[in-house]
Amino acid sequence: PRAEGEQNWYGALFAQTELIRIYRMLEEKQLRIPGMKQMVPLPLCRLDSLGALGPDRKRISEGFSPTDDDWTPYPGFWGHKSARDRTIKQQPNTHLAVWLESPRGPDYGPHLWERAGRILLVERLWPITHRVLAIGFDTKILGNTWWSLQSTMTQEQEKALLLWLNSSLALTLYFGRRVVTRSAWMQMKQPGWQSMPVLDVRSLSSEKLKRFEQAYDDLSTKDLQPLAKLKSDDVRAEIDIVISTILGTPEVSFIRDLLDREPGLTAEELAARSKSEDVDEEVEEDDQPDLL
């Protein structure tokens, strides 16, 4: 189908027809199982029905400056380093100092802080080395290369959402909404995240939320493999199994098999991949392409 409104034409974003079909049905809140005629309904909703996204990197730089020397009441998470950001659960790595000389006024930083949240969503992604689509914190936070998600969700609901956002199903939805920049580099703009179908954690029973919370506490501190290696990632497979088990849906190892072959994710030709192949070296933050 042709694109509607600001939607990407996702037909150009996948190399495999079967994966396009799976993505299309996920957008319709249904899981397509290859070889099965009947679709499996999924309890999904738009992300912006769960919360509001925070400011972009330009706004944050106009209100704050990161500092490792001074304490401030504004914790921050600076940068996206694959060697460091290996797990879903994270801790602040800097403090944000209010820029009193900001062209938007000395109160602009505190104004931005009102949009901080305990969940950060990735803004741009190099799946050859990056490992996470979303990370969680015990406190509200802002990040310069992340979108903060401010919400009234309970911590149990946030933990369930964080597991979903780092699952193969979420990666499929991200992949079909991405803005391609160069090779496997991709970006997710605010409208893309806002309309993203995600697990509707509000619809989950207290028993299911408790099971998600227990799984999050077990898995959120385990190292994930780069997204382009999801087929051999035992932790991501565990996340997928947890989601399928709790929701009562079929397991989705076939999605990991398909994504493992996608050139837009792996920066390789569409062919069976060699397990002995080395991963490309990471491009440092300063070497990233201009995404404006």
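Q: Is E18 buried, exposed or partly exposed in this predicted model, and what is its relative accessibility?
A: Buried means under 20% relative accessible area and exposed means over 50%, with partly exposed in between. In the predicted model, E18 therefore counts as partly exposed, because its relative accessibility is 22%.

Q: Which residue forms a salt bridge with R32, and which helix does that partner lie in?
A: The closest N and O atoms of the pair R32 and E18 are 2.8 Å apart. R32 lies in the loop between β1 (30–31) and β2 (40–41), so the salt bridge ties together parts that are 14 residues apart in sequence. The partner of R32 is E18, and E18 lies in helix α1.

Q: Which parts of the structure does the salt bridge between D217 and K159 tie together?
A: The closest N and O atoms of D217 and K159 are 3.0 Å apart. Because D217 and K159 lie in separate helices, the pair ties together parts that are 58 residues apart in sequence, namely helix α7 (residues 206–219) and helix α4.

Q: Is K159 buried or exposed?
A: K159 belongs to a network of salt bridges that also links K210, E213 and D217. Its partner D217 is partly exposed, with a relative accessible area of 45%. K159 itself has a relative accessibility of 17%, and since the cut-off for burial is under 20%, K159 counts as buried.

Q: How many of the eleven residues of helix α4 are buried?
A: The buried residues of α4 include K159, W164 and L165. Helix α4 spans residues 155–165 and is largely enclosed by the rest of the structure, because the number of its eleven residues that are buried is nine.

Q: Which element gives the most residues to the lining of the largest cavity?
A: The largest cavity holds about 40 Å³ of space, and among the residues that line it are W164, L165, L173 and Y174. By class, this lining has ten nonpolar residues, with no polar and no charged ones. While α4, α5 (168–177) and β14 (197–199) each supply at least two lining residues, the element that gives the most, with three residues, is α5.

Q: Which strands are the edge strands of the open sheet that β9, β13 and β12 form?
A: The three strands follow the order β9-β13-β12, and their pairing is antiparallel. One of the pairings joins β9 and β13 over two bridges, with Q187 in β13 as the bridge partner of R124. The strands that each pair on one side only, and so form the edges, are β9 (124–125) and β12 (179–180).

Conventions. Residues numbered from 1 in each chain as written. Predicted model: local features only at pLDDT ≥ 70, side-chain atom pairs only at ≥ 80, totals over all residues. Heavy atoms only, no water. Buried < 20%, exposed > 50% of the residue type's maximum accessible area, 1.4 Å probe, protein only. Helix = DSSP H or I, 4+ residues; strand = E, 2+ residues; numbered from the N terminus. Pairing = 2+ DSSP bridges. 1 Å grid on protein atoms, 1.4 Å probe; cavity = no way out; pocket = protein on both sides within 12 Å on 5 of 7 lines; lining within 4 Å. Points joined across faces, edges and corners; volume = space filled by probe spheres on them. Nonpolar A, V, L, I, M, F, W, Y, C, P; charged D, E, K, R; others polar. Salt bridge = Lys/Arg side-chain N within 4 Å of Asp/Glu carboxyl O.
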